[in-house]
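Okay, thanks everyone for coming. I'll put the structure up now, and we can walk through it together.

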Amino acid sequence: MSARRVRDIEYQLLPGSSRRTTDIVIERDGCIVVRPPASYTPEQVDAVVESKRMWIYRNLAEWKDLNASAVAREWVNGESFLYLGSAYRLSLVSQQSAPLKLREGRFCLSRDVIERGGTPAARNAFVCFYADKGQQRFRERVAYFAPKVGVEVGGIKVKDMGYRWASCGRSATLNFHWKCMMAPPKIVDYIVVHELCHFHYRHHGDTFWNEVDKVLPDWRERKEWLRKNGAGLEL
Ligand SMILES: [Zn+2]
């Protein structure tokens, strides 16, 4: 088998067959494979491929469509994604300005995202969605709880925190994992209050939990929910 090229079409030339016509096939991986009659010279095969250009283009386009929906299926077929404790089903949509939107009870993912970047791009659209929504929500909830805990916060960042939900950085900056946005609002609040109370105590001793208790008397249930369900908050 040798690789040849006619204009913008690259194809794999197979050894000739005893048939009298040239077979052109688009393989499952998108390769164009050509098996000519045994008597043909490579130049003659090139000419046949050239004459079938429109057919090849049309079939390549079809192959692309099929392939895109095969990748998309993993992200569509019965998949649901969490946002603030509720599960929403995913729909692929055409002509949407934003890569991902939550609209009418569904996560609407732009088909372009999947077609251009496949599953990694789809995942990234979700990460950006959570980080963006998280930025707004954490700002609001921190503004609400900080005075109750009696602390002042320098800034908020939402990012990938690895296995941690949140941390308190330098100059009183709070960092939150974007995954927090998959948890119910009550749990998001618990994560916020927990982190704010670390401004008073860096440890998890009785005095620390006493601070948490002043603001969220039912913190034990929330903490337990996170312990049990935290691992399920994954993309
Ligand atoms: Zn802690």
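So, let's start with the pocket. This is a predicted model, and its largest pocket has 13 residues lining it. Which residues lie nearest the centre of that pocket? They're Ala166, His194, Glu195, His198 and His204. Two elements give two or more residues to that lining: β10, which covers 166-168, and α4, which covers 185-197. Of the elements, α4 gives the most, with four residues. If you sort the lining by class, you get six nonpolar residues, four polar and three charged. As for volume, the largest pocket comes out at about 340 Å³.

Okay, let's zoom out to the domains. The domain assignment splits the chain into domain 1, residues 2-62, and domain 2, residues 80-232. Going by C-alpha atoms, the centres of domain 1 and domain 2 are 53 Å apart.

Last stop, a pair of helices. When two helices pack, people describe them by the angle between their axes and the distance between those axes. Here we've got α5, residues 206-215, packing against α6, residues 219-229. The angle is about 110°, and the axes are 9 Å apart. An angle of 65 to 115 degrees counts as roughly perpendicular, so that's what we call α5 and α6.

And who's touching whom? From α5 we have Trp209, Val212 and Asp213, and they meet Trp219, Arg220 and Lys223 from α6. By class, that contact has three nonpolar residues, three charged and no polar ones.

How values were computed
Residues numbered from 1 in each chain as written. Predicted model: local features only at pLDDT ≥ 70, side-chain atom pairs only at ≥ 80, totals over all residues. Heavy atoms only, no water. Domains from an automatic or database assignment. 1 Å grid on protein atoms, 1.4 Å probe; cavity = no way out; pocket = protein on both sides within 12 Å on 5 of 7 lines; lining within 4 Å. Points joined across faces, edges and corners; volume = space filled by probe spheres on them. Nonpolar A, V, L, I, M, F, W, Y, C, P; charged D, E, K, R; others polar. Axes fitted to C-alpha atoms, helices over the stretch in contact; angles between N-to-C directions. Parallel < 35°, antiparallel > 145°, perpendicular 65-115°, else oblique. Contact = heavy atoms within 4.5 Å.
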